[in-house]
Amino acid sequence: MKNYYNKTLFAVTRTAGKSWDKNKTLRLQKGWDEHAAYMDQLTAEGFIVMGGPLEEPGSSLLIIDADDENEIRGKLNLDNWSKMNLLEIKDVRSWTILLQAE
């Protein structure tokens with residue numbers, strides 16, 4: 001595990017947009033393969049540290065290693081699900097890591 005102790009990351013919540021189909025599961029939403037590939041790419045680059053869906057359908061939490069909120073919004077806006085109004089950014093908060101398991 002990478003050491004993030006005493007580093008500031010960002011906690012980003014995304015929520016279902018206007019085009020989210022409430023009758024379909026996450027992986028059955030339109031454009032899933034492209035969305036998943038882009039999220040995998042951002043993870044491989046180290047931009048997304050961890051992430052996944054929350055209890056509410058269409059809601060997710062991402063922990064992001066970025067310089068600032070503008071970088072986060074810029075990269076997430078390139079996601080096809082943002083372009084298709086399936087997901088939108090609900091909240092971006094800075095998060096300083098003070099505790100980390102070894």
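Helices (H or I, at least four residues) and strands (E, at least two) are DSSP runs here, numbered from the N terminus. We're working with a predicted model, where local features need pLDDT of at least 70, side-chain atom pairs count only at pLDDT 80 or more, and totals for chains, interfaces and linings use all residues. Residues are numbered from 1 along each chain as its sequence is written, and side-chain values use heavy atoms, with hydrogens and water left out.

**Exercise 1. The overall layout**

Work out how many helices and strands the chain has, and in what pattern they follow one another.

Step 1. Count the elements: there are three helices and four strands.

Step 2. Walk along the sequence, and you get β-α-β-β-α-α-β.

Step 3. Now check the dimensions. The radius of gyration (taken over C-alpha atoms) is set against the globule rule, 2.2 Å times the number of residues to the power 0.38. The chain comes out at 14 Å, close to the 13 Å that the rule gives for 102 residues, so it is as compact as a globular protein of that length. Along the principal axes, its C-alpha atoms fill a box of roughly 40 × 25 × 20 Å.

Step 4. Look at contacts, meaning heavy atoms within 4.5 Å. Of the contacts in the chain with a separation of 6 or more, 76% are between residues 24 or more positions apart.

**Exercise 2. The sheet**

Find the order of the strands in the sheet, and say which strands stand at the edges.

Step 1. Start from the pairing rule: two strands pair if DSSP finds at least two bridges between them. As background, strands of a sheet pair through backbone hydrogen bonds, either parallel or antiparallel.

Step 2. Go through the pairs. Strand 2 (residues 48–53) and strand 3 run antiparallel and are joined by five bridges; here M50 stands opposite I63, and P53 has S60 as its bridge partner. Strand 1 (residues 8–16) also pairs with strand 3 in the antiparallel sense, over five bridges, with F10 partnered by I64 and T13 opposite L61. Finally, strand 1 and strand 4 pair antiparallel over nine bridges, and R14 finds its bridge partner in I89.

Step 3. Put it together: the four strands form an open sheet in the order 2-3-1-4. Strand 2 and strand 4 stand at the edges with a single partner strand each, so one side of each is left without a neighbour in the sheet.

Step 4. Add the geometry. Axes are lines fitted to C-alpha atoms (for helices, over the stretch in contact), and angles run from 0 to 180 degrees between N-to-C directions. Neighbouring strands are turned by 15 degrees against each other on average, direction ignored. Helix 1 packs on this sheet, touching strand 1, strand 2 and strand 4, and its direction makes about 150 degrees with that of strand 2.

**Exercise 3. What's inside**

Decide why strand 3 counts as largely enclosed, then say which residues have the most contacts inside the largest nonpolar core.

Step 1. Fix the terms. Buried means under 20% relative accessible area, exposed over 50%, and partly exposed in between (1.4 Å probe, protein chains only). By that cut-off, buried residues make up 37% of the 102 in the chain.

Step 2. Strand 3 (residues 60–64) has four of its five residues buried, so it is largely enclosed by the rest of the structure.

Step 3. A nonpolar core is a set of buried Ala, Val, Leu, Ile, Met, Phe, Trp, Tyr and Cys residues joined through side-chain atoms within 4.5 Å. The largest has 14 residues, and V12, I64, I72 and L76 have the most contacts inside it. Strand 1, helix 1 (32–44), strand 3, helix 2 (69–76) and strand 4 (87–96) each supply at least two of its residues, with the largest share, three residues, coming from helix 1.

Step 4. Zoom in on V12: not counting residues up to four places away in sequence, its contacts include L62, I64, I72, L76 and V92. Apart from this core lies another, of six residues, among them W20, W32, A36 and L86.

**Exercise 4. Two residues to look up**

Is E69 buried, exposed or partly exposed, and where does N85 lie?

Step 1. E69 sits in helix 2 and, at 33% relative accessibility, counts as partly exposed. Beyond four places in sequence, E69 touches F10 and V92.

Step 2. N85 lies in the loop between helix 3 (80–83) and strand 4. Its phi is near 60 degrees, a positive value in a residue other than glycine.
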